[in-house]
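Thanks for sharing this one with me. Here are a few friendly notes to read alongside the structure.

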Amino acid sequence: LPAWSAAAFAAGSTRAASNVEAVHLAVLDYDDGSPIDGERKRWAGFAYALHTSWSHTDRGPKYRIALPLVRPIPAPLWPRVFAHLYARTGGRIDKATKNPDRLFFLPALQHYQADRLAEVNAGAWLDLDADALPRTPEELAAEQRANRPPPAVRWHATAAERDHARA
């Protein structure tokens, strides 16, 4: 199936998280059965493209919403943005899609009579200041590790060394 990515990669590189320069779209993957109407209301003021995915049914909605960003998010800040979007959706989006190099398949159907939906919404582009968003627990832990003093070195003297030191 044809696929796409919301990321820009370093010239001449392959698709890998380490090669992502920036993410240009916030892509929200709903695989938990959240009703489409609820998410339409949540994102009503924003521009987006919505489409159902391969395993979608009317009884088990599975779909994707892609929101254009006012400015690209630098790759190192993408985890903050994803954490923000995850919280903003009440944890409804699939955490497995948090990596910046994520590949998304174009809309496809299991068979020609499958339930399906595709639509676009006109509105404002999503304006997220990634620098102002709270740091992720992973970022905080990395900062703590980087700022931690080296462990104290313990020296255990042998009996002969202790005797020599006493003399």
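**Notes on the fold, the cavity and the surface**

1. Let's begin with the overall layout. The chain holds four helices and seven strands. Please keep in mind as you read on that this is a predicted model. Followed along the sequence, the elements come in the order β-β-β-α-β-β-α-β-β-α-α.

2. Next, the contacts. Taking the contacts in the chain with a separation of 6 or more, 71% link residues that sit 24 or more positions apart.

3. On burial and surface: the chain has 167 residues, and 32% of them count as buried. The exposed area comes to about 10500 Å², with 56% of it supplied by carbon and sulfur atoms.

4. Now for the inside. Searching the whole structure turns up one cavity of 30 Å³ or more. The volume of the largest cavity is about 80 Å³. Which residues line the largest cavity? They are S5, A6, V23, L25, V27, W78, T97, N99, P100, R102 and F104. Strand β3, spanning residues 20–30, contributes the most to this lining, with three residues.

5. Back on the outside, there is a nonpolar surface patch you may like to look at. L1, L103 and F105 make up this patch, which covers about 300 Å².

6. A last word on one member of that patch. L1 is found in the segment that precedes β1 (3–5). Is L1 buried or exposed? L1 counts as exposed because its relative accessibility is 67%, and the cut-off for exposed is over 50%.

Definitions and conventions:
Residues are numbered from 1 along each chain as its sequence is written. This is a predicted model: local features need pLDDT of at least 70, side-chain atom pairs count only at pLDDT 80 or more; totals for chains, interfaces and linings use all residues. Side-chain values use heavy atoms; hydrogens and water are left out. Patches are made of residues with over 30% relative accessible area and no salt bridge: like charges are joined within 9 Å, nonpolar side chains (Val, Leu, Ile, Met, Phe, Trp, Tyr) within 5 Å. Accessible areas come from the Shrake-Rupley method with a 1.4 Å probe; for residues, only the protein chains shown count as cover. A salt bridge is a side-chain nitrogen of Lys or Arg within 4 Å of a carboxyl oxygen of Asp or Glu. Helices (H or I, at least four residues) and strands (E, at least two) are DSSP runs, numbered from the N terminus. Buried means under 20% relative accessible area, exposed over 50%, partly exposed in between (1.4 Å probe, protein chains only). Contact means heavy atoms within 4.5 Å. On a 1 Å grid over the protein atoms alone, a cavity is a set of points where a 1.4 Å probe fits but cannot get out, and a pocket is an open set with protein on both sides within 12 Å along at least five of seven lines; lining residues have an atom within 4 Å of a point. Grid points are joined across faces, edges and corners, and a volume is the space filled by probe spheres set on the points.
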